[in-house]
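Reader: Could you walk me through this structure, one question at a time?
Author: Gladly; let us put it on the screen and begin.

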Amino acid sequence: VRRHKEQVEGLLAEHLEESGRPDAAAIAEHLSFLLEGAMSRAGLEGRADRILQARRLASTLLGLE
């Protein structure tokens, strides 16, 4: 499980680096925390909208909104 989570964070960092983000590793860490938390909350609460809420937060974090 740990290896998978590290791979996800690594993929996020790669994509961010390719897009020219100088802070790619830090943003990838934040996004992976956001993803993990959203999935946990969605599962615990039975609310799929938690994933959509996390997507909006990620867009804000990336300056896309």
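Reader: Is R21 buried or exposed, or in between?
Author: Some ground rules, since this is a predicted model: local features need pLDDT of at least 70, side-chain atom pairs count only at pLDDT 80 or more, and totals for chains, interfaces and linings use all residues. Residues are numbered from 1 along each chain as its sequence is written, and side-chain values use heavy atoms, with hydrogens and water left out. Buried means under 20% relative accessible area, exposed means over 50%, and partly exposed lies in between (1.4 Å probe, protein chains only). With a relative accessible area of 23%, R21 is partly exposed.

Reader: Which residue meets R21 in a salt bridge?
Author: A salt bridge here is a side-chain nitrogen of Lys or Arg within 4 Å of a carboxyl oxygen of Asp or Glu. The partner of R21 is itself partly exposed, with a relative accessible area of 29%. Their side chains meet at 3.2 Å, N to O, and the partner is D23.

Reader: How many salt bridges are there by this rule?
Author: Side chains of opposite charge can pair when their charged atoms come close. Applied here, the rule gives a count of seven.

Reader: What are the closest N and O distances from E45 to R47 and to R50?
Author: E45 is partly exposed at 32% relative accessibility, and R47 is partly exposed too, at 36%. R50, in contrast, counts as buried at 16%. Salt bridges that share partners join R41, E45, R47, D49 and R50 into one network. The closest N and O atoms are 3.8 Å apart for E45 with R47, and for E45 with R50 they are 2.8 Å apart.

Reader: What span should helix α3 have, and what do its end C-alpha atoms show?
Author: Helices are DSSP runs (H or I, at least four residues; strands are E, at least two), numbered from the N terminus. The expected span is 1.5 Å times one less than the number of residues. The 13 residues of α3 should therefore span 18 Å, and the end C-alpha atoms agree, being 18 Å apart.

Reader: Which helix do the buried residues of α3 pack against?
Author: The buried residues in α3 are R50, A54, A58 and S59. S59 has a relative accessible area of 17%, so it counts as buried. Leaving aside neighbours within four places in sequence, S59 is in contact (heavy atoms within 4.5 Å) with L64 and E65. As for the helix that the buried residues of α3 pack against, it is α2 (24-45).

Reader: Which helix gives the most to the largest nonpolar core?
Author: A nonpolar core is a set of buried Ala, Val, Leu, Ile, Met, Phe, Trp, Tyr and Cys residues joined through side-chain atoms within 4.5 Å. The largest one has seven residues: A13, L16, A24, I27, A28, L31 and A58. Both α1 (2-18) and α2 supply at least two residues each. With four residues, the helix that gives the most is α2.

Reader: Which residues make a nonpolar surface patch with I51?
Author: I51 sits in helix α3 (residues 49-61) and is partly exposed, with a relative accessible area of 38%. Patches are made of residues with over 30% relative accessible area and no salt bridge, with like charges joined within 9 Å and nonpolar side chains (Val, Leu, Ile, Met, Phe, Trp, Tyr) within 5 Å. Areas come from the Shrake-Rupley method with a 1.4 Å probe, and for residues only the protein chains shown count as cover. The patch is about 250 Å², and I51 makes it with L35 and M39.
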